[in-house]
Amino acid sequence: MMIKEIARHTLETRFGPFELASFAFGDNQQMVLALWRLDRSPLPASPEILLRIQYGCINGTVFKAVDCDCGFQVESALKRISQSNNGVFIYFADHEAFGFGLASKMEIVSIEKREGKTFFEVLESRGYPRTVSDVLWTMPQIFAAIGVPRKVILLGASEEKFNRLKELDFEVTRVDDLVIDQTELSQSVVQELQTKRSIFSTFINSIMRRSD
Ligand SMILES: [Zn+2]
């Protein structure tokens with residue numbers, strides 16, 4: 001399977017300028033974007049680059065919802081990449097991780113709120129897939145297109161992304177949690193983040209044990 005580069009230009013953001021390339025992949029020509037800042041001089045400036053992989057979420061990223069942390073993650077990751085001047089931000093614009101589509105994600109959110117259920121309880125009760133559908137196979141081709149080696153510090157605690165990148169011959173030297181200002185987040189998301197953090201530390205400890 002091949003991805004197709006569509007366009008490339010510079011994007012001026014609140015966090016400074018980024019190079020941007022958009023790609024299409026898969027039967028439905030889904031869009032994936034790469035934004036990057038690379039310190040290329042003098043080469044090799046840094047042996048590893050920051051990498052954030054973000055899946056689509058309209059409520060969080062477009063409408064700045066405070067009852068999900070996606071928008072906060074995007075902001076934190078772009079800031080971090082901008083400060084380091086060496087990193088890539090990948091955004092799967094049409095893909096929300098599980099592969100049921102952004103429209104179904106809206107339906108799931110509405111059921112969560114109406115029935116007071118968690119995201120995974122809704123997936124279970126409505127028969128949606130509960131495992132992540134793989135779009136990360138595109139990553140080696142994206143890295144080749146923008147000309148960076150596959151040696152990264154992964155931003156954000158995700159065992160799924162960590163494992164899949166390693167399968168795809170990425171060297172993941174470290175996983176860093178994203179720093180998120182929680183003061184604006186809704187209480188339920190703050191609780192979710194605490195759970196994520198504890199899963200994160202268990203995960204990090206297991207990686208350390210594996211590499212001993
Ligand atoms: Zn979200």
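## Helix H2 and the turn after it

Just past the end of helix H2, Asn-85 has a positive phi of about 60 degrees. Keep in mind as you look around that this is a predicted model. H2 itself has 15 residues, which should span 21 Å at 1.5 Å a residue, and its end C-alpha atoms are indeed 21 Å apart.

Quite a few side chains of H2 are tucked away. Its buried residues are Cys-70, Gly-71, Phe-72, Gln-73, Val-74, Ser-76, Ala-77, Leu-78, Ile-81 and Ser-82. Arg-80 is a different story: at 29% relative accessibility, Arg-80 counts as partly exposed.

## Helix H3 and its buried face

Now hop over to helix H3, which runs through residues 102-115. With 14 residues, H3 reaches 20 Å from its first C-alpha to its last, close to the 20 Å expected at 1.5 Å a residue. Which residues of H3 are buried? They are Leu-102, Ser-104, Lys-105, Ile-108, Val-109, Ile-111 and Glu-112. Looking down the axis of H3, you'd see these buried residues fall within an arc of 165 degrees, so they line one face of the helix. A bit of background helps here: an α-helix has 3.6 residues a turn, so residues three or four places apart point the same way.

What covers those buried residues? Helix H1 and helix H4 (119-126) are among the parts that do. Over on the other side of H3, Ala-103, Lys-113 and Arg-114 are exposed. After H3 comes Gly-116, and its phi is positive too, near 60 degrees.

## Salt bridges across the chain

Searching the whole structure turns up 10 salt bridges. One of them pairs Asp-67 with Lys-113, with the closest N and O atoms 2.3 Å apart. Asp-67 sits in the loop between H1 and H2 while Lys-113 belongs to helix H3, so this pair ties together parts that are 46 residues apart in sequence. The two partners differ in how open they are: Asp-67 is partly exposed at 37% relative accessibility, and Lys-113 is exposed at 55%.

Another salt bridge joins Asp-176 to Arg-80, and here the closest N and O atoms are 2.9 Å apart. This pair links distant parts of the chain, since Asp-176 is in strand S7 (residues 171-176) and Arg-80 is in helix H2, 96 residues apart. Asp-176 is buried, because its relative accessible area of 14% is below the 20% cut-off. Arg-80 and Asp-176 also belong to a network of salt bridges together with Arg-174. A further bridge connects Glu-124 and Arg-130, with 3.0 Å between the closest N and O atoms. Glu-124 is exposed at 53% relative accessibility, whereas Arg-130 is partly exposed with 41%.

## The loop between H1 and H2

Asp-67 isn't the end of the story for this loop. Phe-63 is also found there, between helix H1 (58-61) and helix H2 (70-84). Is Phe-63 buried or exposed? With a relative accessible area of 57%, Phe-63 is exposed, because that is over 50%. Phe-63 joins Ile-58, Val-62 and Met-106 in making a nonpolar surface patch of about 370 Å².

Lys-64 lies in that loop as well. Its phi is near 60 degrees, a positive value in a residue other than glycine. Lys-64 is exposed, with a relative accessible area of 55%.

## Another positive phi

Asp-169 has a positive phi as well, near 70 degrees, and it isn't a glycine either. You'll find Asp-169 in the loop between helix H6 (159-167) and S7. At 61% relative accessibility, Asp-169 counts as exposed.

## Ile-49 and its neighbours

Last stop: Ile-49, in strand S4 (residues 49-55). Ile-49 is buried, with just 6% relative accessible area. Which residues does Ile-49 touch, not counting those up to four places away in sequence? The list is Leu-38, Asn-86, Gly-87, Val-88, Phe-143, Val-148, Lys-151, Val-152 and Ile-153.

Take Asn-86 from that list. Ile-49 and Asn-86 are 37 residues apart in sequence, yet their C-alpha atoms are 5.5 Å apart in space.

Notes:
Residues numbered from 1 in each chain as written. Predicted model: local features only at pLDDT ≥ 70, side-chain atom pairs only at ≥ 80, totals over all residues. Heavy atoms only, no water. Patch = residues over 30% accessible without salt bridge, like charges linked within 9 Å, V, L, I, M, F, W, Y side chains within 5 Å. Areas by Shrake-Rupley, 256 points an atom, 1.4 Å probe, with all protein chains shown as cover. Salt bridge = Lys/Arg side-chain N within 4 Å of Asp/Glu carboxyl O. Helix = DSSP H or I, 4+ residues; strand = E, 2+ residues; numbered from the N terminus. Buried < 20%, exposed > 50% of the residue type's maximum accessible area, 1.4 Å probe, protein only. Expected span 1.5 Å × (residues − 1). Arc of directions from axis to C-beta. Contact = heavy atoms within 4.5 Å.
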